[in-house]
Structure formats: C-alpha cells, structure tokens
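Here is a set of exercises to work through with the structure open beside you. Try each task before you read its solution.

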Amino acid sequence: MKNTLLYLTLLTASTVGPPLGASGRRLMRRSWLVLALMIGVSVTLVGCTGLSTPTTASRSSEVALAVPNDNRTPAGTLRSGVLELDLEARPGRWEGEKSDLDPDASSPTIVDVLGFAEEGGPVTIPGPLIRVAQGTEVRIRVRNSIPDSYPIGLPIPGLREEGMSSVADDVLLVRGLRAGTAPDDVLEVPGGEVAEVRYRAEVPGTFYYWATPSSRPITAWTGRDAQLAGAIIVDPQGAAPDPEERIFVITMLDQFPDPNAPAPQGEYFRRAINGRSWPDTERFEYAVGETVRWRWINASFEFHPMHLHGFHYRLLGRGDGTSETLFPEEARPLIVTETMTPGSTFRMEWVPIRAGNWIFHCHLLDHIVPAVERDEAEREHDLMDVEQHALDAMAGLVVGMTVTENEQAEAMEPPHQRLRLVALEANNDDGTVVRGFGLEEPEAETIGTPSVPGPPLLLTRGETTEIAVVNRLSEPTTIHWHGLELESVFDGVAGWSRTRSRIAPLIAPGDSFTVRIKPPRAGTFIYHTHMDETDQLVQGMIGPFLVLEPGEEYDPEHDRVFVIGGQVEGDYPVTVNGYREPPVMRFRAGETYRLRFVHITMGQAADVALTMSGSPVKWRAVAKDGAELPEVLRREGDAEFMSNTGQTFDFMWTPTEPGDATLSVTHERFLQPGEDVVRQTLRVQ
Ligand SMILES: [Cu+2]
C-alpha cells in the first residue's frame, strides 16, 4: 500500500522553501502568458476591471462549509435566451469521507479546499452546474477571491514538475468555460478581480470547467485546488433535459506529505462523487425495468475504471471535457466497466431487471477502500455486524442503488452442475501470504495449495450452476462474480447485496456459502474476492469465469486465457497467469485462437500488446466484459490495447506464419520505461 501517499498535509511555504515574492509571482504569470501565446491559447479577458479587492488571507475557522452539489439545479439566471452567472473561486471547508476518520471521532474531519460558489452562495463541490439549451448566449463572470499565497500543496512525486509551487499564484486560470466552442480557452482572473467570458453555446454535449491558481496540467492537479471544477451541459436545441438523467462529477484530492513534517490530524487523501464519498454518497432507488441514464465526468487526475454490478450497461458516448462523441445506435458496446482517463467523460444507460441492492464503483482498489485502515480490534465488530461492514469496508467512489421488488422473483430450476470452489491460503518462503482458489473434485479427499489465478470456472449459457464457496482461509471472505447477471444476494458485496430479506454474508473461516448462477450470455468474466481487496485480491483471489454456448465444449488448445493480476508496486508484482516470467506458449500457423484477457489487478492502467518482429500483429476484437461487441466494432486491428482492472477483452487471432510473437503487459505510466513489464513468448509453429 502506498500509505505514504495517502496523507495530505497543508504545506506551508516554509516547508518547501521561501515563499515566492511578488516579483516571483509576476515572473510565473509572465511565463504562463508566454506559454499561452506559444501554444496559441486564446485568452479572453472581456472585463478585467478590478471590481474588488482581494480578500484577506482568511483563516479556516472563518471559512464556511462547502456543500455537496448533486447537479440537479442549474446555476445562474436565464432571461430572454441569455444566461447570466456570477461565479466566485474562494476557500471552503470540505467535510467528507467519514470512513477516513478515526472511527471513534464523533465529528468528521474537515479539509480546507478551494472551490467555486455562485456569488452570494456557499462553495459547492463540484462547482455550480451550468446547463443551457443549444443557442443560449452565456455570460459568466468569475471573481478570484483566493487569498494570496494560499497553500495548495504539491502533487505527488512523479506527477510533479520542476519548479512547481505549493502555494497559489496570483492568477486563477479557468479552463473549459466556453464549452464545446473554444477547447483551449483559458480565462485568466487576477487575484481580487473579476473577468468575464461570453459565448454562444452552439455545441450540445457534456463538458466541464476547471481551474487552478497554478500552472499545473490536469494530470498534476491533485491539491487544495482540485475541487475547482463543475459540469457544463448543453442540451440539443428543442430537446428538453431529461429530468431523470443524473450527472456525476468525480473529484479527488491527493498530496504528498512534507517528508520533514508530521501529517496534520485528519488531513487525508479523499475522493468524491458529487462532493460525497461512500457511505455518504447519494442512494438511488429504481424500479425493475426502468431505464437509467447517467453522465460521468472525471474532473480528477487519476484513471477510474467504473464498474456496474449485476448488469451490463450501454456506453452511449465519450468525451474529453471539451468535446463529446455520441456513438450511433449500432456502435454502442454493452460493458460492465469503462475506464475513465483523467479529464474524460462518458454517458451510459442501463436497465435494472432484477431487484436487490447493487453498486456502481471505481474498480481501482485504492479508490474504494478507507484511506486509513482500521486496526483489527476496530474491525471485529463489523465482521459480526455484516451491514456495518458494508458501510465501513468501502469508501470513496461508490454509489449504491436499490432496485425495488417486482411481483415474482424468478424461480431457479435444479442445477445442471455443482462446483465447490475452495478459498485457500499458504505462506511463501519469504513470509508473504498467498491466497487463491482450488476446485474440489467430488472424488478428491483433500485439496492442496492455492492456485493463482484460480482455476477457470466453466459454465453454460442458460444453465444453472450451483457454486459452493468454501472458506479455508484464516479470515472471512466473500466472492464477487464480476460481470455476471445474477440474483443480488449472490453478488458478493457482503452486508449490501440482498434479495428480499436474504443478505450476502461474509463467509467465516471454515464456513461456506452457495450461490446459483444461470448466465444469460456466453463470454469471459471474472471471479474475485470482495473482502479486503487491497490484500486478498492482490494476493491471488482472482480467477477466470468462462460461459460457453450450449453444446460447446471448452477447447483449451484454441481458447487461451491470460489473467493479469497483482499490483505495480509491493509484495505481489504484476503477473500473467500467476507468472512474472510466463512460460512459452505454443500455437500453430493457420489456426484460429480465441485469446481471452482478464485484467484484475490492484488497478493500474496497463498497455497490452502482441508483437512480432517489433510491430503489432493483427487480430479481431470480438467481445468486451463478456458481451459480444456490436458488429461494426468487431474489426480487425493492431494487437494492442489499454486495459485496466475489472475488464475482460476477447480477440480472435490467426497467426499466419511461424515465429515468436511477444505478449507484453507494461505499466510505464507509473514507472521507468521497462521497469514493470511481463513478457510472454507465443511461439507459432
Ligand atoms: Cu478510481
């Protein structure tokens, strides 16, 4: 665990060197202007008239609490086709992520942040929603009330750039306000002043604005200023906004602590959906069969693979904040996880067809567990109180949905197949624990060491399989059947998943829990622990779950599975099928193979490629997350893709000539080039 990264500290100027003097700040501002001119940024300063004086450096105690913004109420005043909006950037105090707290503390900790307010109102996280119909004239004035030299902290090392300052510059740079029309636009607002932007909202779509009083790019925007973001929605002309559709903005705050100073109490890494973190995120209630439409905006510097439990969702379109592409109906993939890159947006639609409790969450494990692990004594009670466990064991980027009962729950026929999946653990020579799985064969008396990844589970579409999960670990566990459409109580979120009065349990050591799954589609899925994932999952409690068509026999010769597991840094490095150095795998030229990739790591973006003589081979993408791709997306292409945790990818490959191909899985975003690479030779004969 990168615990050192999880603490935030209010970096004072004295801990990072002398504060920049006025001339230093001017210099920085000038270098920004030069840079802006160099890259052709259009700077729009309509009314930089110095309408106010800077606020005095206010102390936290005088600063009001920021309020979460559920993005349901557009800001500003609309009159005769003109939206007038006065925004103010200023300090606020953010109360959030209760699971980060000392569990004994009666009041939540609060962090000082910068945020946007509609003038006269409180700072909101995310910033006020700007929502207009296409063709509306928009006039936005932004007041910069950020105190001079406000400490915003340094980004985490690796994201840092030379000379980056830990305090706010005098000028606030606001990007994205002219949504869809001027992508590189930057509004500069000097301290204490007001600047205005005017434009006509001509392009419909999902956009956002974001601001920083420093020169950092969005990928290094991790400090106190990282809540300065808000959604902009431009509705197509003549189409009334869908009142049921919801808009979510993800924001994060993450700073590296000053290595020379202790972390102040309660100052932690945190992440939020519309200003709130699980278990305080908004809860949603839907009826069976209702169509649910969501828009997601990643106004943060991190990747977020966003995963839906129990159902597939349609990906309707993607954007980068300045433009959006909606897919034609025949090209909308059905998936369970969409990886949001920093600054990206997407739209989704899903239909809950089964009652129960479900979650939608980021699959990057650091983003869904409490930043501070509670000690065992603290945890014991919620292992007994399973509902409390659901509230305390997850934190951050999770929302919960309850789908209300339909009249008749589907009756389960007797199973076609019974499996016993046993969770096992063992100690490595170096003292680390390995946790994995074994399949207990009916005739076998005992079962040996854990297999990492676990054995492939083979099911048939439309047939019911009963899986008894037997826990032979020294601690509780629960299993999530990732991508599978099943009854809520079998979904594996202990204390949360439920069908009528039956709640998914934590399976105690020595105990077992039997699930029934009747998969409605054939494809590649995943099973993995849903308990203490930052330990159990990276230690090996992962496995491939393959659903075949009726009558189809599994053909291991032509159907190859590659499970990517582990973590980039730590005791359990990234592996393919459990190997750091996987053995040579053999293929025959002229034959066609299905290559199934299962990515279930701690959660780092990986580049996967299959190359021959240095260039990618050709293959054909056929499925994602266990669902067939729409015909128009089943294209032949270069054998390379970016993957992230909680996803599966199926490709068809027909090697044409003998030779060695190299499968590589690299994580270079976080490391030195080549530092964390798994390579496997696929030998074609
Ligand atoms: Cu995330």
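**Exercise 1. Find which loop holds Pro279, and work out which residue is joined to Pro279 by a cis peptide bond.**

Step 1: Look between strand E14 (270-273) and E15, since the loop there is the place of Pro279. Strands are DSSP runs of E with at least two residues and helices are runs of H or I with at least four, both numbered from the N terminus. Residue numbers start from 1 along each chain, following the sequence as written.

Step 2: Check the bond itself. The peptide bond from Trp278 to Pro279 is cis, with omega near 10°.

Step 3: Keep in mind what you're looking at: this is a predicted model, where local features need pLDDT of at least 70, side-chain atom pairs count only at pLDDT 80 or more, and totals for chains, interfaces and linings use all residues.

Step 4: Now try Pro453, found in the loop between E26 and strand E27 (457-460). A cis peptide bond joins Val452 to Pro453, with omega about -5°.

**Exercise 2. Say how strand E24 pairs with E15 and with E23: parallel or antiparallel?**

Step 1: Start with the pairing rule: two strands pair if DSSP finds at least two bridges between them. Strands of a sheet pair through backbone hydrogen bonds, and they can do so parallel or antiparallel.

Step 2: Take strand E15 (residues 283-287) and strand E24 (residues 398-404). Five bridges join them, and they run parallel. You can spot Ala287 opposite Thr404 in E24.

Step 3: Move to strand E23 (residues 356-362). Six bridges join E23 to E24, and this pair is antiparallel. Here Ile359 has Gly400 of E24 as its bridge partner.

**Exercise 3. Work out which strands stand at the edges of the sheet E26-E25-E28-E32.**

Step 1: Walk along the order. This is an open sheet of four strands with mixed pairing.

Step 2: Go to the edges. Strand E26 (433-439) and strand E32 (512-517) each have a single partner strand, so one side of each has no neighbour in the sheet.

Step 3: Add the twist, which averages 20° from one strand to the next. The axes behind such angles are lines fitted to C-alpha atoms (for helices, over the stretch in contact), and the angles run from 0 to 180 degrees between N-to-C directions.

Step 4: Zoom in on one pair. Strand E25 (residues 417-427) runs antiparallel to E26, and seven bridges join them. In this pair, Leu421 stands opposite Leu439 in E26.

**Exercise 4. Do the same for the sheet E6-E12-E11-E8-E9: which strands are at the edges?**

Step 1: Note the layout: five strands, an open sheet and mixed pairing.

Step 2: The edges are strand E6 (127-133) and strand E9 (186-190); each has a single partner strand, so one side of each is left without a neighbour.

Step 3: Look at strand E11 (residues 205-212) and strand E12 (residues 229-235), which pair in the antiparallel sense over six bridges. Gly205 has Val234 in E12 as its bridge partner.

**Exercise 5. Decide whether Ser80 and Arg500 are buried or exposed.**

Step 1: Get the cut-offs straight. With C-beta atoms placed from the backbone, a residue is buried if 20 or more other C-beta atoms lie within 10 Å of its own, exposed if 12 or fewer, and partly exposed in between.

Step 2: Find Ser80 in the loop between strand E2 (77-79) and strand E3 (82-95). Ser80 has 5 other C-beta atoms within 10 Å, so Ser80 is exposed. Its phi is near 45°, a positive value in a residue other than glycine.

Step 3: Find Arg500 in the loop between strand E30 (498-499) and strand E31 (502-503). With 12 other C-beta atoms within 10 Å, Arg500 is exposed. Arg500 isn't a glycine either, yet has a positive phi of about 50°.

**Exercise 6. Find out how many of the 685 residues, as a percentage, are buried, and how the chain scores on pLDDT.**

Step 1: Buried residues make up 49% of the chain.

Step 2: The average pLDDT (the predictor's confidence in each residue, from 0 to 100) is 85, and 82% of the residues score at least 70.
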